[in-house]
Amino acid sequence: MPGLRIAVLASGRGSNLQALLEAIAAGRLRGRVVGVFSDRPGCRALARAAEAGLPARAVSPRGFPARAAHDEALFSEVAAVQPDLIVCAGYLRIIGEDAVRRFMPRMINIHPSLLPRHPGLDTHARALAAGDREHGASVHVVTPALDAGPVLAQARIAIGPGDTPETLAERLLPREHALLTACVALIAEGRLLPDAECPRLDGAPLRRPLRLGDDNRLHEG
Ligand code: GRF
């Protein structure tokens, strides 16, 4: 199938990878996953890739003297599949500046918070601790500053009085899947253009992140 050549980076369960594969199979996303890459041999994401018959490679950071050397080894494998877009979907290692710049702005990340709120780890617990009324997920362009590149799209959920980090994570996950697949589909259609400074939608600067609606489509404003 023609379309966007997508490389996926993942470290864990790989449910976002699975969502992308299902969207492609259902004809909702015009593209194909040309490789799955991980820093964690044996992770579920790699098993899912193998089950789907996709090229899957793990490069463990063990044995590399520094972050840059590991990045170089992993990302030369990524470059070899000639991706149009690299999707970090639960890739839990910080990517060094050289590797980021090599692919910028063709690398995006899904992060479980309403950026710029709560970059980094433990986002569900931090949203609760901060007394936030809303939580969510963001898809953003990867730039050298952690979780700080332009946000392309967000999904929001309300926080209720009985919520815990676990209930938030559980409720957010299906919204993450819809958000990521819709966002990658728009990129594949050539409508959404990632950029490290000024992403564009239909040729016009994207003034604020697109919003995932109840219809699982992305809307302006
Ligand atoms: C997701 O919550 C994603 O936002 C975060 O890590 C989780 C990955 O889940 N960065 P999965 O591996 O795709 O199931």
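## Reading the ligand site and the pockets

Mentor: Let's start with the shell around the ligand: its residues divide into two nonpolar, four polar and two charged. Keep in mind that this is a predicted model.

Trainee: Okay, which residues surround the ligand?

Mentor: To read a shell, you look for residues with a heavy atom within 4 Å of the molecule. Here that gives R13, G14, S15, N16, G90, I110, P112 and E176.

Trainee: Which side-chain atoms should I look at for polar contacts to an oxygen atom of the ligand?

Mentor: The idea is to search for pairs of N or O atoms within 3.5 Å. Try R13 to begin with: one of its polar side-chain atoms is 2.6 Å from a ligand oxygen atom. Then go to E176, where a side-chain N or O atom lies 2.7 Å from an oxygen atom of the ligand.

Trainee: And what does the backbone of I110 do at the ligand?

Mentor: There, a backbone N or O atom of I110 is 3.2 Å from a nitrogen atom of the ligand.

Trainee: How much of the ligand does the protein bury?

Mentor: For burial, you compare the ligand taken alone with the ligand in place. On its own it exposes 370 Å², and the protein buries 86% of that.

Trainee: Which pocket does the ligand sit in?

Mentor: For that, you check whether more than half of the ligand's atoms lie within 2 Å of the pocket's grid points. In this model the ligand sits in the largest pocket, which has a volume of about 990 Å³. That pocket is lined by 37 residues, and G90, Y91, L92, I110 and P112 are the closest to its centre.

Trainee: Which elements give two or more residues to that lining?

Mentor: Look for α1 (15-25), β5 (107-111), α5 (123-129) and α6 (165-188). Of the elements lining the largest pocket, α6 gives the most, with five residues. By class, the lining comes out as 18 nonpolar, 13 polar and six charged residues.

Trainee: What about the second largest pocket, how much space lies in it?

Mentor: About 480 Å³. You read it the same way, starting from the centre: among its 21 lining residues, A182, A185, N216, R217 and L218 are the closest to that point.

Trainee: Which element supplies the largest share of that second lining?

Mentor: It's α6, with seven residues. At least two residues each come from α1, α6 and β12 (218-219). Sorted by class, the lining of the second largest pocket has ten nonpolar, four polar and seven charged residues.

Key:
Residues are numbered from 1 along each chain as its sequence is written. This is a predicted model: local features need pLDDT of at least 70, side-chain atom pairs count only at pLDDT 80 or more; totals for chains, interfaces and linings use all residues. Side-chain values use heavy atoms; hydrogens and water are left out. A polar contact is a pair of N or O atoms within 3.5 Å; within protein, one must be able to donate a hydrogen and the other to accept it, and residues adjacent in sequence count only if both atoms are side-chain atoms. Accessible areas come from the Shrake-Rupley method with a 1.4 Å probe; for residues, only the protein chains shown count as cover. On a 1 Å grid over the protein atoms alone, a cavity is a set of points where a 1.4 Å probe fits but cannot get out, and a pocket is an open set with protein on both sides within 12 Å along at least five of seven lines; lining residues have an atom within 4 Å of a point. Ala, Val, Leu, Ile, Met, Phe, Trp, Tyr, Cys and Pro count as nonpolar, Asp, Glu, Lys and Arg as charged, and the others, Gly among them, as polar. Grid points are joined across faces, edges and corners, and a volume is the space filled by probe spheres set on the points. Helices (H or I, at least four residues) and strands (E, at least two) are DSSP runs, numbered from the N terminus.
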